[in-house]
Amino acid sequence: MSCLLLIRHASSAAQGRLAGRLDVPAEPLAPEQLAAARQRLALFCPGPARLLTSPLQRCRQTAQALFPTRPADADPRLREQDFGAWEGQQAESLPDLGPLSRVALAAHCPPGGESFLALTARAAPALQEIATHGPAILITHAGVIRAALGLALGVPASALGFEIAPLSATRVTLLPGGQWSIGFTNLALAAP
């Protein structure tokens, strides 16, 4: 068995804009937030685990804040979903897609971007490969974390039903035989 602890980066400085693959910084964490997060993480990660991040600065900055003495490897496969023409837009300017089932939403592709199903297809081999090399902590994005949940559920679109808050942790485990198990989701690491 191999456990992946997936941590969504701290809140970004996107100021209400859809960040996606935009390289925006993370908001600084207050000392009390860092202390609470580190205390919780010590419970989840008592042993050695590799530390990997998305190459985007909000993830690298979160990793540096949470694990200042540990080296982190940036893995481009852990980038957020590409929202194409929607990236950088304020939430209220995004098009209203109307009522869509999760299956239809997962298949929907923003202009010039990738669908959630495409993100899952991109992230799945990375998550599988990372897990085969032992326990790891991944500082990444909500889309990648949902992709991991979709793998465990066996139906990627179902993962769109999960909330993944900034600075929250989700644990999935790769079991013998290649099946995934969900330990917990969206566990807040620190009070806002």
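What share of the 192 residues in the protein is buried? Buried residues make up 43% of them. The structure discussed here is a predicted model.

## Overall architecture

The secondary structure consists of five helices and six strands. Read along the sequence, these elements follow the pattern β-α-β-α-β-α-α-β-α-β-β. The radius of gyration is 16 Å, close to the 16 Å that the globule rule gives for 192 residues, so the protein is as compact as a globular protein of that length. Taken along the principal axes, the box filled by the C-alpha atoms is roughly 45 × 40 × 25 Å.

Contacts that span long stretches of sequence are well represented: among contacts between residues at least 6 apart in sequence, 71% join residues at least 24 apart. The protein exposes about 9,000 Å², and carbon and sulfur atoms supply 57% of that area.

## The sheet

The six strands form an open sheet of mixed pairing, in the order β3-β2-β4-β1-β5-β6. Its edge strands are β3 and β6 (180–188), each of which pairs on one side only. Strands of a sheet pair through backbone hydrogen bonds, either parallel or antiparallel.

Strand β1 pairs with two neighbours. With β4 it runs parallel, joined by five bridges; Arg8 has Thr140 in β4 as its bridge partner. With β5 the pairing is antiparallel and extends over six bridges, and Cys3 stands opposite Thr173 in β5. Six of the seven residues of β1 are buried, so this strand is largely enclosed by the rest of the structure.

Strand β2 (residues 50–53) pairs with β4 in the parallel sense over four bridges. Within this pairing, Leu51 is the bridge partner of Ile137, and Leu52 is that of Leu138. Strand β2 is also joined to β3 by two bridges, again in the parallel sense; here Leu52 has Asp73 as its partner. Leu52 thus has bridge partners in both β4 and β3.

## Nonpolar cores

In soluble globular proteins, nonpolar side chains tend to be buried together. In this model the largest nonpolar core has 26 residues, and those with the most contacts inside it are Leu4, Leu6, Leu127, Leu138 and Trp180. At least two residues of this core come from each of β1 (2–8), α4 (116–132), β4 (136–140), α5 (142–153) and β5 (168–174). Helix α5 provides the largest share, seven residues. Another core, of 20 residues, lies apart from this one and includes Cys45, Ala169, Phe184 and Leu189.

Which residues does Leu138 contact, leaving aside its neighbours within four places in sequence? They are Leu4, Leu5, Leu6, Ile7, Leu52, Leu78, Leu127 and Ile130. Among these contacts, Leu52 is also the bridge partner of Leu138, while Leu4, Leu6 and Leu127 are listed with Leu138 among the residues with the most contacts inside the largest core.

## A buried aspartate

Asp75 lies in the loop between β3 (73–74) and α3 (102–107). Is this residue buried or exposed? Its relative accessible area is 9%, under the 20% cut-off, and Asp75 is therefore buried.

The side chain of Asp75 makes a polar contact of 2.8 Å with the side chain of Arg77. Not counting residues up to four places away in sequence, Asp75 touches Thr53, Ser54, Pro55 and Ile130. Ile130 is also in contact with Leu138.

## Positive phi angles outside glycine

Leu167 is not a glycine, yet has a positive phi of about 55°. This residue is found in the loop between α5 and β5 and, at 6% relative accessibility, counts as buried.

Asn186 also has a positive phi, near 50°, in a residue other than glycine. Asn186 is found in strand β6, one of the edge strands of the sheet. At 25% relative accessibility, Asn186 counts as partly exposed.

Key: Residues are numbered from 1 along each chain as its sequence is written. This is a predicted model: local features need pLDDT of at least 70, side-chain atom pairs count only at pLDDT 80 or more; totals for chains, interfaces and linings use all residues. Side-chain values use heavy atoms; hydrogens and water are left out. A nonpolar core is a set of buried Ala, Val, Leu, Ile, Met, Phe, Trp, Tyr and Cys residues joined through side-chain atoms within 4.5 Å. Buried means under 20% relative accessible area, exposed over 50%, partly exposed in between (1.4 Å probe, protein chains only). Contact means heavy atoms within 4.5 Å. Two strands pair if DSSP finds at least two bridges between them. A polar contact is a pair of N or O atoms within 3.5 Å; within protein, one must be able to donate a hydrogen and the other to accept it, and residues adjacent in sequence count only if both atoms are side-chain atoms. The radius of gyration is taken over C-alpha atoms; the globule rule is 2.2 Å times the number of residues to the power 0.38. Accessible areas come from the Shrake-Rupley method with a 1.4 Å probe; for residues, only the protein chains shown count as cover.
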